[in-house]
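Visitor: I would like to walk through this model with someone who can point out what to look at, and in what order. Could we begin once it is on the screen?

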Amino acid sequence: MRNRESSFKQQLVCLLPRIWRFGISLTGSTEVCNDLVQATCERALSRYHQWRPGTRLDHWVFKIMHSIWINELRSQAIRRGTGFVDHENYRLESTLPDQESSLFNEQIINATLALPEAQRCALLLVYVEGYSYKEAAELLDVPIGTVMSRLSRGRLGLAEKLQLQIKSRRSLESV
Amino acid sequence: MYLLDDEVLVAYIDGQLEDDVARQVEAALLENPIAQAKIRKLKDTSSILKQPFDQLLNTPLSPDFANTIMSKKVVTMPDKRLQIALASAFVTVLFFLGIGTGYIYNNYQQQTIQKSQADSWIQAVVDYQILYGRQTLENPAPALQEVNQTRQRLGEILGNDLLIPDLMGEGLLFKRGQVLEFRGNPVIQLAYLPEQGKPVAYCITKINTNNQALVQGSSKGLSYLHWQKDGYGYILVGDIPEKKLYSLHKIITKDSV
């Protein structure tokens, strides 16, 4: 039993960067995201008995995080004026040798974070985390049709925002 | 013409459509340049998200997160549920303990009363039977008509159809049927005379206690069998071997009350 709990904790620690990334897509704010990650970790530990080994821990934890955000922290964040209404401009810790690529990535992240919460969340789950429509729908507790709608609107919105950047980047790459 | 709305186009790009639907979309796209342009626009957004967001994974995180995870205990059973479960279990145990104790006590008490009552009426029947000699039943055996009249009369007193067992196969001749009384309740006594030895009696009375399996005993030189079934108590008693008693019991329970 001890080994199982220890393994659970290790997996949760390994999952932290992805938990934090999903938190950013939900909150659009580093400060609120930190609160959300902390609350999610504590909730996951207190709900350990509900997790079934052999199932996807990431899906389970993301579901917890989404639930905390929707039911508890979002309203507080809005009241504090730090919520999803107006995202902050995110600055990447540059890990790419190419400064320009890092800048481009930042633009994509910020364009995505500027989308409505529901859309950016669906985009992250499907195109970044690699969940199927069905898995994303289950996690967000919405019908698949809603996920499809959010994805299409999110992608069109992103395309509008990024059109210029993509074009200019392509022209640079072709030189 | 297939309706090429944005959801369908995104699902098509993502390969999430069924094959036949995808083929219909492809056919519709050939005739729809606007949708084709939209497809191109959407395709650009499908692959560009992964790398920037993967770069987010390198963001240094507060060590508090990992510390929280490693230092806090996991809850294998939530406190409230545990308390409720334990409380429920405790109450359940108490409940069944109460029922069990009550049941055992009541059962014991009931069994004691039953045994006491049974012992009393067995004793009364035995005491009465002791006085029986062959001369007691020296009157001639009743005719069939008389047997039927007796049967009817005693049956009415007993509150049920009464069958007078034919024990001739065991050498016992039915001689008499009479009504006795024990503690205010009628006791039907059917007396039989064997070829040799003292008379044998088969007694029936109404009871209010539970069924009871066959009990064999002896008292004051007489052997008896006692049992209770469906609101009636029965005693078969006589100065005869136990084996014979059981043979009679077998015949009686086959065609009795």
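Guide: This is a predicted model, and a fair place to start is chain B, whose secondary structure comes to 8 helices and 6 strands.

Visitor: In what order do the elements of chain B run from the N terminus on?
Guide: Chain B holds 8 helices and 6 strands, and these do not alternate along the chain, as the order itself shows. Read from the N terminus on, the elements are α-α-α-α-α-α-α-β-β-β-β-β-β-α.

Visitor: What is the mean pLDDT of chain B?
Guide: The question is worth asking early, because where pLDDT is low, the predicted coordinates should not be read in detail. In chain B, 87% of the residues reach 70 or more, and the mean pLDDT is 83.

Visitor: Which strands stand at the edges of the sheet in chain B?
Guide: The 6 strands form an open sheet with antiparallel pairing, in the order E1-E2-E3-E6-E5-E4. A strand at the edge has a single partner strand, so one side of it is left without a neighbour in the sheet. Neighbouring strands of this sheet are turned by 15° against each other on average, direction ignored. The strands at the edges are E1 (172-182) and E4 (212-219) of chain B.

Visitor: Which residue has a positive phi in the turn between E4(B) and E5(B)?
Guide: E4(B) and E5(B) run antiparallel and are joined by 6 bridges, with Val215(B) standing opposite His226(B) in E5(B). The two strands form a hairpin with 2 residues between them, and the residue in the turn with a positive phi, of about 55°, is Lys220(B).

Visitor: How many bridges pair E5(B) with E6(B)?
Guide: These strands also form a hairpin with 2 residues between them, and here Asp230(B) in the turn has a positive phi of about 50°. One of the pairings sets Gln228(B) against its bridge partner in E6(B), Gly233(B). E5(B) and E6(B) pair in the antiparallel sense, and the number of bridges is 7.

Visitor: Is Gly238(B) buried or exposed?
Guide: Gly238(B) lies in strand E6 (residues 232-238) of chain B, and among the residues it touches are Lys198(B), Val200(B) and Leu222(B). Its C-alpha atom is separated by 8.4 Å from that of Val126(B), a residue 112 places apart from it along the chain. A residue counts as buried if 20 or more other C-beta atoms lie within 10 Å of its own. Gly238(B) has 24 such atoms within 10 Å, and therefore it is buried.

Visitor: How many residues of the side of chain A that touches chain B are nonpolar?
Guide: In the interface, 44 residues of chain A are in contact with 36 residues of chain B. Helices H1 (2-27), H2 (30-46), H4 (99-113), H5 (117-128) and H7 (144-174) of chain A each supply at least two residues of that side of chain A. The residues on this side include 9 polar and 8 charged ones, and the number of nonpolar ones is 27.

Visitor: What arc do the buried residues of helix H6 of chain A cover around the axis?
Guide: The buried residues of H6 (residues 133-140) of chain A are Tyr133(A), Ala136(A), Ala137(A), Leu139(A) and Leu140(A). They are on the same side of H6(A), because the arc that they cover around the axis is only 165°.

Terms used
Residues numbered from 1 in each chain as written. Chains lettered and ligands numbered in written order. Predicted model: local features only at pLDDT ≥ 70, side-chain atom pairs only at ≥ 80, totals over all residues. Pairing = 2+ DSSP bridges. Helix = DSSP H or I, 4+ residues; strand = E, 2+ residues; numbered from the N terminus. Axes fitted to C-alpha atoms, helices over the stretch in contact; angles between N-to-C directions. pLDDT = per-residue confidence, 0-100. Buried ≥ 20, exposed ≤ 12 C-beta atoms within 10 Å, placed from the backbone. Contact = placed C-beta atoms within 7 Å. Nonpolar A, V, L, I, M, F, W, Y, C, P; charged D, E, K, R; others polar. Arc of directions from axis to C-beta. Lists of a residue's contacts leave out its neighbours within four places in sequence.
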